[in-house]
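The exercises below are meant to be worked with the sequence and the structure side by side. Try each task before reading its solution.

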Amino acid sequence: MKPKRHILSLSGGKDSAALAIYMRDRVPEMEYIFHDTFKELDETYEYLDRLEAILGKPIHKSNPDRGFDHWLKVYRGMIPSNMRRWCTKNLKLKPFEKWIGDDPVVNYIGLRADESRSGYISAKPNITTVYPFREDGLVYEDVMRILEESGLGLPKYTNWGRTRSGCFFCFYQQKIEWVRLKQTYPELFEQAKAYEYDQLKYNEDGNAFYWCGDETLEDLEKPERMAEIERQWEEKKSKKRKSSKLVQILTDVEFEDDPGREDGCLICQL
């Protein structure tokens, strides 16, 4: 019988990074894997490099043979959405299951005890998924403490208002995050906008999906619209500060993966 492998899936975000540090000495034989979409922010790669130094072990990057742009052509220019998440399927789940093969595996996922989401569960019988934070009762404040005490801290993309790891054009982004992307990385915003334009070639009936639902990035980037989004964001943040019982460690970022968040792509955001 093959020995059981212990694998921790990293996303480039704070929760999975904290879990890796938390489990480092508890499971010395742990393997670490990151599913590279080739559409990540540079800050994500930098964060993983620093985490790798703390872990003292290499982080395997499951670079798929075919990246996002290849699969976009396969799906005839249909950019992914919440209802058609072919990106997660082809760039993350399949590469992971291919990498482990038929080996018996325990897969560690960074879901916290204060989250109501359900985690990734493979249909393959050789994969057992576990949630150490949830099992040990660790919550948001514990994650922040682990990151601070280790010296890793938070990903640098949080400095300009992004709340998630994953592709820079992730459709789960809040509109304020699109505004921040436009302000911080205008060239990446233009790339995301180009995907919206290109898909029209493949939609003869004119029914195209946009990254922000029913609003194109071209409309969103208009100065008056960006100003409106920022104003609404500040109002929302102000109301949350007044009603929240938690002390927000980051005063300029409202994390969607804080207690109560239920949306988003789990394997991308942890």
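**Exercise 1.** In this predicted model, find the residue just after H6 that takes a positive phi, and then establish which residues of H6 are buried and what they pack against.

Solution. Begin at the end of the helix: just after H6, Gly151 has a positive phi of about 90°. Next, go back into helix H6, which covers residues 140-150, and look for side chains under 20% relative accessible area; the buried residues there are Tyr140, Asp142, Val143, Met144, Ile146 and Leu147. Finally, follow these buried residues to their partners, which are helix H1 (14-23), helix H2 (42-55) and helix H5 (132-136).

**Exercise 2.** Work out the strand order of the sheet, name its edge strands, and describe how S2 is joined to S3.

Solution. Reading across the open sheet of five strands gives the order S3-S2-S1-S4-S5, with parallel pairing. Strand S3 (59-61) and strand S5 (127-130) are the edges, since each pairs on one side only. Neighbouring strands of this sheet are, on average and with direction ignored, turned by 30° against each other. For the last part, strand S2 (residues 31-34) runs parallel to S3 and is joined to S3 by three bridges, and Phe34 has Lys61 in S3 as its bridge partner.

**Exercise 3.** Determine which strands H2 and H4 touch or lie across, and how each helix is directed.

Solution. Take H2 to begin with: this helix packs on the sheet, where it touches strand S1 (5-10), S2 and S3, and its direction makes about 175° with that of S2. Then turn to helix H4 (residues 86-100), which lies across S1, S2, S3, strand S4 (105-108) and S5 and runs at about 160° to S1.

**Exercise 4.** Describe how H7 and H8 are arranged, and list the residues through which they meet.

Solution. Two packed helices are described by the angle between their axes and by the distance between those axes. The axes of helix H7 (residues 175-184) and helix H8 (residues 186-199) come within 5 Å and cross at roughly 125°, and the two helices H7 and H8 are therefore oblique to each other. On the H7 side the contact involves Trp178, Leu181, Lys182, Gln183 and Thr184, which meet Pro186, Leu188, Phe189, Glu190 and Ala192 in H8. Sorting the residues of this contact by type gives six nonpolar, two polar and two charged.

Key:
Residues are numbered from 1 along each chain as its sequence is written. This is a predicted model: local features need pLDDT of at least 70, side-chain atom pairs count only at pLDDT 80 or more; totals for chains, interfaces and linings use all residues. Side-chain values use heavy atoms; hydrogens and water are left out. Axes are lines fitted to C-alpha atoms, for helices over the stretch in contact, and angles run from 0 to 180 degrees between N-to-C directions. Helices (H or I, at least four residues) and strands (E, at least two) are DSSP runs, numbered from the N terminus. Angles under 35 degrees count as roughly parallel, over 145 as roughly antiparallel, 65 to 115 as roughly perpendicular and the rest as oblique. Contact means heavy atoms within 4.5 Å. Ala, Val, Leu, Ile, Met, Phe, Trp, Tyr, Cys and Pro count as nonpolar, Asp, Glu, Lys and Arg as charged, and the others, Gly among them, as polar. Buried means under 20% relative accessible area, exposed over 50%, partly exposed in between (1.4 Å probe, protein chains only). Two strands pair if DSSP finds at least two bridges between them.
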